[in-house]
Amino acid sequence: MGSDGKLVVPDNPIIPFIEGDGTGSDIWKASVRVFDAAVEKVYKGKKKISWMEVYAGEKPFNLFREQMGEKAWLPDETVAAFREFLVGIKGPLSTPVNCGIRSLNVALRQSLDLYTCLRPVRYFQGVPSPVKKPQDVDVVIFRENCEDIYAGIEWMTGTDECSKVLDFLQNEMGVDRIRFPGTSSICVKPISRDGSERLIRAAIEYALTHKRRSVTIVHKGNIMKFTEGAFRDWGYGLAISEFRTRIVTERESWIIDNQDQNPGLSHEDNARMIDTGFDMMSSSQRESACTEVGAALELMPTHGKGRWKKLLMVKDAIFDIMLQQLLSRAKEFDVVAAMNLEGDFLSDVLAAQVGGVGIAPGANINFVTGHAIFEATHGTAPKYANQDKVNPGSVILSGVMMFEHLGWQEAADVVVAALDRTIGQKRVTYDFERMMQGATLLTCSGFADALIDNM
């Protein structure tokens with residue numbers, strides 16, 4: 001990582017990879033051939049990746065569990081390699097349920113402080129979809145990776161630790177809303193200002209760099225006011241304090257547009273136009289609404305006369321409402337910033353609209369240190385392991401993101417163009433072939449061959 005905050009990438013970088021469990025072996029063998037072919041096609045031998053295998057999941061656990069115990073699921077050497085070499089890629093990893101081993105994906109994210117899960121979701125023409133207009137989906141999700149429920153701070157009911165927490169909550173803090181304390185497990189949901197701001201900063205910087213239209217802060221602040229609600233408020237505060245001349249909030253745009261349309265509009269009438277319940281508010285609430293109008297109108301010299309329309313829009317949406325809106329009007333969403341749990345759900349909902357997680361890429365990034373692990377977003381599908389059958393698209397598109405992160409945009413573009421051509425030719429793996437008329441069924445390795453042929 002250079003002193004200017006940008007990666008310094010040699011022509012022959014060493015990149016650690018984890019093959020993955022289940023179908024990971026088939027997928028990785030196909031994907032790495034596509035990556036190498038794209039680099040060779042574009043750079044003619046001037047650049048080349050040296051791949052270095054590191055281990056996590058079932059493979060090292062089966063090999064080393066007698067010596068290492070549960071630590072064999074994610075050896076220290078693997079984390080050290082990702083830390084040293086900055087950029088890596090991985091296939092899907094399995095994590096046993098209810099046996100005390102936390103998610104390996106979560107462990108990697110937290111060990112390296114990969115605070116952003118970056119999930120761009122777009123449609124490739126011809127991919128079968130359950131919705132009428134999958135082409136409307138072009139959304140980039142910035143999901144907070146290290147906080148929220150997924151921090152894994154929890155205690156099982158019946159344990160001494162859980163009893164201590166319950167005792168503290170009930171007797172020290174006066175909590176009386178735990179319906180069944182005798183059988184309740186307890187989880188803590190930390191959301192910090194620091195964590196919220198660095199995620200939303202990254203989302204806004206991405207949107208500005210890539211000339212996107214808007215950033216939507218997703219939350220459940222109507223219910224969880226001091227965690228989800230604070231995430232929303234901190235996001236707006238950061239946007240205004242650090243990006244004032246380059247952004248406009250949605251409510252500011254309403255106020256400014258109202259004033260543009262009617263320059264003589266009073267603060268009170270403007271407030272009434274943006275809050276339909278204005279006349280039912282208390283006097284203090286009406287005063288607050290008018291103060292908001294006044295603050296927005298101070299932007300008229302820089303944002304008025306329609307100039308706000310050329311700026312990045314920062315807005316927010318309540319999570320459950322947004323799930324519906326993604327199906328009914330996906331075009332309204334561009335870059336999305338969400339906490340861990342909501343970001344997870346949104347990613348999969350959007351992926352389903354464009355063909356499923358089999359073709360959805362992902363990355364875990366620390367934009368400050370440069371550390372990044374690119375990954376498949378689907379599971380291990382062990383029943384299809386070693387059958388050369390499954391779609392390698394998720395890892396391949398994650399590799400596209402990796403090329404972009406390295407600054408090798410030409411290689412990324414070659415892979416995307418090959419995917420467009422191959423899917424357009426209806427040469428696809430079984431998951432797409434069974435839903436496409438006139439398609440040619442390809443194996444996992446055969447799909448890689450088709451991509452390379454189309455480069």
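Guide: Let's start at K305, which lies in the loop between α11 (300–303) and β10. Keep in mind that this is a predicted model.

Visitor: Why does K305 count as exposed?

Guide: The cut-off for exposed is over 50% relative accessible area. K305 has 74% relative accessibility, so it counts as exposed.

Visitor: What is said about the phi of K305?

Guide: K305 has a positive phi of about 55°, although it is not a glycine. K44 has a positive phi too, of about 50°, and again it is not a glycine. You'll find K44 in the loop between α1 and β2.

Visitor: Is K44 buried or exposed, and how do you know?

Guide: Use the cut-off again: exposed means over 50%. K44 comes out at 61% relative accessibility, so K44 counts as exposed.

Visitor: Now for T23: where is it, and what does it touch?

Guide: T23 sits in the loop between β1 (14–18) and α1 (24–43). Skipping its neighbours within four places in sequence, T23 is in contact with P92, G379, T380, A381, Y384, A385 and V390.

Visitor: What makes T23 count as buried?

Guide: Buried means under 20% relative accessible area. T23 has 1% relative accessibility, so T23 counts as buried.

Visitor: On to the strands. What order do they take in the open sheet?

Guide: The open sheet has eleven strands, ordered β2-β1-β3-β13-β12-β4-β5-β11-β8-β10-β9, and the pairing is mixed. From one strand to the next, the twist averages 25°.

Visitor: What makes β2 and β9 edge strands?

Guide: β2 (50–53) and β9 (247–249) each pair on one side only, and that is what puts them at the edges.

Visitor: How do you know that β3 and β13 pair?

Guide: Two strands pair if there are at least two bridges between them. Strand β3 (residues 87–90) and strand β13 (residues 372–376) are joined by four bridges and run parallel. One residue to look for is I89, whose bridge partner in β13 is F374.

Visitor: What joins β8 to its neighbours β10 and β11?

Guide: Six bridges link β8 to strand β10 (residues 312–318), and the two run parallel. Another three bridges link β8 to strand β11 (residues 335–338), again running parallel. The cut-off is at least two bridges, so β8 pairs with β10 and with β11. V215 is a handy residue to follow: it stands opposite V314 in β10, while its bridge partner in β11 is V335.

Visitor: Why is strand β8 called largely enclosed by the rest of the structure?

Guide: Count its residues: six of the six in β8 (residues 214–219) are buried, so the strand is largely enclosed. Both faces are covered, with S214, T216 and V218 buried on one side and V215, I217 and H219 buried on the other.

Visitor: Which helices lie across β8?

Guide: Helix α7 (residues 228–243) lies across β8, β9, β10 and β11, at about 155° to β8. Helix α12 (residues 319–328) lies across β8, β10 and β11, at about 110° to β10.

Visitor: Let's turn to helix pairs. How do you know whether α14 and α15 are roughly parallel or roughly antiparallel?

Guide: Check the angle: helix α14 (residues 393–406) and α15 pack at about 155°, with their axes 7 Å apart. Angles over 145 degrees count as roughly antiparallel, so α14 and α15 are roughly antiparallel to each other. Their crossing is left-handed.

Visitor: Which residues meet there?

Guide: From α14 come I396, L397, V400, F403 and E404, and they meet Q409, A411, A412, V415, V416 and L419 in α15. The residues of this contact divide into nine nonpolar, one polar and one charged.

Visitor: And what makes α15 and α17 roughly perpendicular?

Guide: The axes of α15 (residues 409–424) and α17 (residues 444–453) come within 8 Å and cross at roughly 115°. Roughly perpendicular covers 65 to 115 degrees, so α15 and α17 are described as roughly perpendicular to each other. Here α15 passes α17 in a right-handed crossing.

Visitor: Which residues of α15 and α17 meet?

Guide: A418, L419 and T422 in α15 meet F447, A450 and L451 in α17. The contact breaks down into five nonpolar residues, one polar and no charged.

Methods: Residues numbered from 1 in each chain as written. Predicted model: local features only at pLDDT ≥ 70, side-chain atom pairs only at ≥ 80, totals over all residues. Heavy atoms only, no water. Buried < 20%, exposed > 50% of the residue type's maximum accessible area, 1.4 Å probe, protein only. Contact = heavy atoms within 4.5 Å. Axes fitted to C-alpha atoms, helices over the stretch in contact; angles between N-to-C directions. Parallel < 35°, antiparallel > 145°, perpendicular 65-115°, else oblique. Left-handed = near helix turned anticlockwise from the far one by under 90°. Nonpolar A, V, L, I, M, F, W, Y, C, P; charged D, E, K, R; others polar.
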